[in-house]
Amino acid sequence: MNKADISPNFKFFAHPYASDPADPTEQVIDCGMYPDNHRPRKSSTPPYARIDWSWIEIPIECKLDTVAHDPFGEGAEGTAESQKKVYEQLLSYAELVFKFQQRTFFFMILFLGNDARILRFDRSSVFVTEKFSYRKDGRKLADFLKR
């Protein structure tokens, strides 16, 4: 996404292993979009950067299963528990963004296999888009990131 130059004043970084040293919970989201002038610090696990909850603009979480890991969709039998865990995980990330930043709301992207949802968190609620295939219709995601 950095090479596509969709969001020219921002850069994307993967964070699969490196937590923010300021966060005692040591939670790590999969990816994040940061202002270009506030890139996260390098971690001890190259090529990844440490998550920085103070500067992350758009947190991005990636899940493999489009049904079992979608907390906002109708699940198949036996998926309620996994959907609940993902929802709690997303809420814990939202809590960290609000803890480290003075924001009234923020957006998050949730990838679910070949699908995605855009989430908008404020201090009292979360709004989500319909699930869409970013592979078939990448324009939706690109337009969102461009704006």
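At 14% relative accessibility, F111 counts as buried. The model is predicted. F111 pairs with Y134 in an edge-to-face arrangement, and the structure holds eight aromatic pairs. Two nonpolar cores are described below, one of them the largest, with 20 residues, and another of 11 residues that lies apart from it.

**The F111–Y134 pair**
- The ring centres of F111 and Y134 are 4.9 Å apart. Their planes meet at 75 degrees, and the pair is edge-to-face.
- F111 belongs to strand β4, residues 105-112. Y134 sits in the loop between β7 (132-133) and α2 (138-146).
- The two residues are 23 apart in sequence, so their pairing ties together separate parts of the chain.
- Y134 has 23% relative accessibility and therefore counts as partly exposed. F111, at 14%, falls under the 20% cut-off for buried.

**Other ring contacts**
- F98, F106 and F121 are linked into a cluster by ring pairs.
- R120 places its charged end over the ring of F105. The distance to the ring centre is 4.2 Å.

**The largest nonpolar core**
- This core has 20 residues. The members that touch the most others are I29, W53, I56, L90, F106, M108 and F121.
- Helix α1 (80-100), strand β4 and strand β5 (115-122) each contribute at least two core residues.
- The largest share comes from α1, with seven residues.
- F106 and F121 appear both in the ring cluster and among the core members with the most contacts to other members.
- I29 contacts H15, I51, W53, I56, P59, I60, E61, Y93 and M108, leaving aside neighbours within four places in sequence. Among these, W53, I56 and M108 are also listed with I29 as core members that touch the most others.

**The separate core**
- Another core lies apart from the largest one and has 11 residues.
- Its members include I58, F111, I118 and F132. F111 is thus named both here and in the edge-to-face pair with Y134.

**I6, ahead of the first strand**
- I6 lies in the segment before β1 (10-14).
- I6 has a relative accessible area of 23% and is partly exposed.
- Not counting residues up to four places away in sequence, I6 touches M1, A142, L145 and K146. A142, L145 and K146 fall within the range of α2, residues 138-146.
- I6 and Q101 are 95 residues apart in sequence. In space, their C-alpha atoms are 24 Å apart.

How values were computed
Residues numbered from 1 in each chain as written. Predicted model: local features only at pLDDT ≥ 70, side-chain atom pairs only at ≥ 80, totals over all residues. Heavy atoms only, no water. Phe/Tyr/Trp six-rings, centres within 6.5 Å; stacked < 30°, edge-to-face > 60°. Helix = DSSP H or I, 4+ residues; strand = E, 2+ residues; numbered from the N terminus. Buried < 20%, exposed > 50% of the residue type's maximum accessible area, 1.4 Å probe, protein only. Lys NZ or Arg CZ within 6 Å of the ring centre and 35° of its normal. Contact = heavy atoms within 4.5 Å. Core = buried A, V, L, I, M, F, W, Y, C linked by side-chain atoms within 4.5 Å.
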